[in-house]
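Work through the exercises below with the sequence and the coordinates at hand. Each task is followed by a solution in steps.

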Amino acid sequence: MAEHGVNPGSQAWTKKHLLGLEDLEGWEIEKILDVAGEMMPFSRPGAPKKPDLAGKLVVNLFYEASTRTRVSFGQAARRLGADVIDFAASGSSLSKGESFIDTARNIEALGMDLAVVRHSVPGTPHLLTHHLNAGIVNAGDGAHEHPTQALLDIFTVRNRLGKIKGLTVGLVGDIAHSRVARSNIQGFKKLGARVIVCGPPTLIPRQVAELGVEVSYSLDEVIGELDVVNVLRIQFERQTGGLFPSIREYFRLFGMTKERLRKSRPNLLLLAPGPINRGVELTPEVADGPHSTILDQVRNGLGVRMAVLSLLAGIGS
Ligand code: NCD
């Protein structure tokens, strides 16, 4: 396993794949966050590299659109000294009828050590673990999980507020279709936060309470209780339509505006995974304002993904 300057916790990392935060224990999440903190100084261009992945090949296998996650994983792997292949489904032999598994096995034949996988079908990364020897990182599987997004969200909050335990975290928006929500719930709950999910009733699945979260249909009622609000995008591409009256109505009830922020705690942290839709989930002045951690999250994502790749590669294939 890769050596890290400081020993972040006494327990050793044993997992070869990162499929979801539902599979991790609290100490494993904290270990990733601790290693991410050590990785941050190595994450910027021009800084010395941290060659934990020298001689390894990391492949981004992306079957769904991505901006931040794909470039972040690519850059994280390069900062660790790995070779990187960026595979995008569009333009590939998928259009000639090649199956997903065959495609992945052919790419693995190039010497792939780690595959970073995004797919619209939940469980795709899990499926790959049965067909490949490479370590698998879930970079978003349908509406199921997006573990590194939640890890970078939690890392950002822990950096700013010094802790997670005892905080009240609000997840606002399209809970039903959001993999970021599902991973956030797992991660924040496991580290001892109180989680409130908030949105229109049609965008909150009934079973969500079984995950130990509170449910609110009124942002104005809960905004004053929150230490953190994570503003989630309406996932139009995953909806079959007609789940709320109009975008204007949604914005009126759940949009983060300067007026709404006046009811919040003065040091509220406002997170958003991106892409953001200015004027739908939040106003431009809130997105670019003092509560917003949006670009900080992107920067922290590099350290978090370096930590994940390094820990998984340390287990080997
Ligand atoms: C999220 C995703 O793809 O799940 N974006 C991201 O990875 N930063 C959220 C979204 O698409 O709304």
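A polar contact is a pair of N or O atoms within 3.5 Å. The model used here is predicted.

**Exercise 1.** Find which polar side-chain atoms of Arg118, His146 and Gln235 meet the cut-off with oxygen atoms of the ligand.

Solution.
- Step 1: a polar atom in the side chain of His146 is 2.7 Å from a ligand oxygen.
- Step 2: for the side chain of Gln235, an N or O atom lies 2.8 Å from an oxygen atom of the ligand.
- Step 3: the side chain of Arg118 places an N or O atom 3.1 Å from a ligand oxygen.
- Step 4: each of these distances is within 3.5 Å.

**Exercise 2.** How much of the ligand's accessible area does the protein cover, and which pocket does the ligand take up?

Solution.
- Step 1: on its own the ligand has 320 Å² of accessible area, and the protein covers 93% of that.
- Step 2: the ligand takes up the space of the largest pocket.

**Exercise 3.** Describe the shell around the ligand by residue class, helix and domain.

Solution.
- Step 1: the shell divides into 4 charged, 5 polar and 3 nonpolar residues; among its members are Arg68, Thr69, Arg179 and Val180.
- Step 2: at least two shell residues come from α2 (68–79), and at least two from α6 (179–190).
- Step 3: domain 1 (8–143 + 298–312) and domain 2 (147–297) each give at least three residues to the shell.

**Exercise 4.** Which kind of peptide bond joins Gly274 and Pro275?

Solution.
- Step 1: Gly274 and Pro275 are both around the ligand.
- Step 2: Pro275 sits in the loop between β9 (269–271) and α10 (284–287).
- Step 3: the bond joining Gly274 to Pro275 is cis, with omega about 0°.
- Step 4: most peptide bonds are trans.

Definitions and conventions
Residues numbered from 1 in each chain as written. Predicted model: local features only at pLDDT ≥ 70, side-chain atom pairs only at ≥ 80, totals over all residues. Heavy atoms only, no water. Near = heavy atom within 4 Å. Polar contact = N/O pair within 3.5 Å; in protein donor to acceptor, adjacent residues only side chain to side chain. Areas by Shrake-Rupley, 256 points an atom, 1.4 Å probe, with all protein chains shown as cover. 1 Å grid on protein atoms, 1.4 Å probe; cavity = no way out; pocket = protein on both sides within 12 Å on 5 of 7 lines; lining within 4 Å. Sits in = over half its atoms within 2 Å of the grid points. Helix = DSSP H or I, 4+ residues; strand = E, 2+ residues; numbered from the N terminus. Nonpolar A, V, L, I, M, F, W, Y, C, P; charged D, E, K, R; others polar. Domains from an automatic or database assignment.
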